[in-house]
Amino acid sequence: MVGVPDEQAPAARNAPAGGPLLSLALATMMDGVNAHSGAVYLLGTDETALEMAVTAGLPRAFAAPWERVGVDAPIPVAEALRERRVVWVGGEEEMARRFPRVSVVLPYPFALAALPVATATRAYGAVFVTWPGSHPHELSDREREHLTAATERLAVRLERAAEESRPVLPEADLLAAPAIGSTAGTLGSLEAARMVARLPYGMCSLDLHGRITYANAAAAELIGVPSSRLLGTQLWAAVPWLNDPVYEDRYRAALLSQHTTSFVAVRPPGEWLSFRLYPSTTGLSVRVSRARAVSEMGRVAPPPGEGPGRLVTISQVLSLAGALTEAVTVQDVVRLVAREVVPSLGGRALVLLGSRAGRLHVLGHHGYLDPHVVERFDGAPLSSPTPGAHALNSGVPAFFESRVELERLYPIRHETPDGFAAWAYLPLIASGRPVGTCVLAYAEPHAFPADERAVLTSLGGLIALALERALLYDAKHQLAHGLQAALLPPSLPPLPGIDTAARYLPGTRGMDIGGDFYDVMPLAGQAAAVIGDVQGHNVTAAGLMGQIRTAVRAYTTVGQAPAEVMRSTNGLLIDLGAELFASCLYLRIDPVRGRAVMARAGHPPPLLRRPDGKVRVLDLAGGPLLGIDGSAVYPATEVELPPGSVLVLYTDGLVESPGVDIEEALAELGRRLCEAGELPLDELADVMMGQGGTEERVDDVALMLLRARGDARV
């Protein structure tokens, strides 16, 4: 039990909150629900990040990637604070499904509950507690009530401290700390030590940090290192051939899951040893013995390294690697780095720089109160004497622990103060070439020890790969949209006696380009309209769509009737040898007579709203898709189109989606047309598209509306 001062002891006004407020609250929470680890986060002064203030049960290194996290980060404590609710994760499978970034770093069986620390009017932070993998998959009502009540009490105490201007500061972590190499003075413990010493296999005791607190003679002999050199060190740091993250991972898995773990390792030149780890909430017992013969498993031991800091390094790199897999666009990369990297490394601001045509370009930034401070560098020559340009040109990172260091090497920065006190300039190298520079800024002077520089350099490589991929995606995206815009009419020309409106939305998968098209053509006293859909969502489909649209215009210009236009277009696709098919609906409108003649090739039927508000589906006769049968016939149908009528032409993307019945979707489309048919056409078009602008779409969507005005003249 951790001894703490009485929390009711008076504290001086304007002095730090008296007593271990946070650690006492955390210990009470954990004791009440038999949790084996936990942490309390406090909301930063800018209310954009959560900062870990105290941990209990496990070393802080286990949560190293999340010591400081953005409030919008996709992890349990941040979600609990954002949504003001208990977030429960019942096991490793649920963690992998809901919070994959946590699961990548901690892929072990354990349960977790996260809760907000907030009153009705203000948020102060968040808490998480964990249980071993043996915990039931559901949080019990008693556990939920206990944790909720404890966090509410903590919020009230933090509120009181704020009202009394008593800052609440981070506190010492709560961990069991047995004396290294000590033996108790009782007869029982002495006999226990003698018993362990007589065992024919090795026995070691490790504390929560993985440091060896006891090792019997057999363990020292098997490992090949004297006991005096083992005590107080981590096993993977003291023994060169155990200096492998795989072995360290077994220690983490045992402590977090509270399940027995094991591994085998080869002691040079070729003796295989078995290590079995038995965890508890105070540390681990390790049994070491000779392993059975293991064939063809020769492992080359890596060279010794700095063990204690490596866990933090691996965790941070894994966490960011998982996050960056979600980045699609350049702005996604900026947001993820700002949310994941900057908080975890204690930074306050970020700039991503790229280059184009020999000049720097600001790709994105975060954390600067005055954007002009950053944007003034946009367009600067790559030869300019700035640290960002130098890092990009040289490929060498630069670290400046203070403003004095920065301005000594780059006097130009005297003229461009940004309000920060330390900087890391990381060149972003991908596929052997520089793609940009990542600039991290710190609010206070900041030392960059060797291990942190190594972490930042590794993270720079991951950011570079994500940025290269995002730049390529953005370029393809712009190309696709430019091509699509060039192939569709930029605006609809005015038609005699007819009002028009149109909408197009690309699919959200692939290149955001498709084969849906529409067009209208004014004729002498009449008008023609066409809508169609070429199979596929790629450049080939878009190119064929442009050919069809051009052909329809040409056949219309020479005076062909609707049935002939369809037949001629079908013949063209056959002659072109196109492997793609197309649906199409073509109509000729005579606004004076109030009639429309239509021909259809495998296209969804149009909707007609009559002046009295009634809506019906026009079940037109038609032929097969264009490009299938060179002898196909496309019969024409004449439809009345009195003044006030609205004709709705659309492609199948508007009514077809996975899990939705097409008849129900068509009925819903008719209901919208019936209810909103009197609106101006542009507003009606938005209503007919529904939520198409925000939801995920498998297919692209084209929509065209035509309303007969009744003022056409002969």
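This report covers two nonpolar cores, two buried residues and one helix pair in a predicted model.

Residues are numbered from 1 along each chain as its sequence is written, and side-chain values use heavy atoms, with hydrogens and water left out. Because the model is predicted, local features need pLDDT of at least 70 and side-chain atom pairs count only at pLDDT 80 or more, while totals for chains, interfaces and linings use all residues.

**Cores**

A nonpolar core here is a set of buried Ala, Val, Leu, Ile, Met, Phe, Trp, Tyr and Cys residues joined through side-chain atoms within 4.5 Å. Buried means under 20% relative accessible area, exposed over 50%, partly exposed in between (1.4 Å probe, protein chains only). The largest nonpolar core has 62 residues. L50, W66, V239, L242 and F275 have the most contacts inside it. Helix α10 (residues 245-257) supplies the largest share of this core, six residues. A second, separate core has 50 residues, including L487, A541, A542 and I548.

Contact means heavy atoms within 4.5 Å. Leaving aside neighbours within four places in sequence, L50 is in contact with residues including Y41, L43, V69, L81 and A126.

**Two buried residues**

V69 sits in strand β3 (residues 68-70). L139 lies in the loop between β6 (123-132) and α5 (141-163). Helices (H or I, at least four residues) and strands (E, at least two) are DSSP runs, numbered from the N terminus.

| Residue | Relative accessible area | State |
|---|---|---|
| V69 | 4% | buried |
| L139 | 9% | buried |

With neighbours up to four places away in sequence left out, V69 contacts T48, A49, L50, I75 and P343. V69 and T48 are 21 residues apart in sequence, and their C-alpha atoms are 8.6 Å apart. On the same sequence rule, L139 touches V86, W88, W131 and R144. The C-alpha atoms of L139 and A113 are separated by 8.2 Å, with their positions 26 residues apart along the chain.

**Helix pair**

Helix α17 (residues 539-557) packs on helix α18 (residues 562-576) at about 140°, with axes 10 Å apart. Axes are lines fitted to C-alpha atoms, for helices over the stretch in contact, and angles run from 0 to 180 degrees between N-to-C directions. The two helices are therefore oblique (not under 35 degrees, over 145, or 65 to 115). From α17, the contact uses L544, Q547, I548, A551, V552, Y555 and T556. From α18, it uses V565, S568, T569, L572, L573 and L576.
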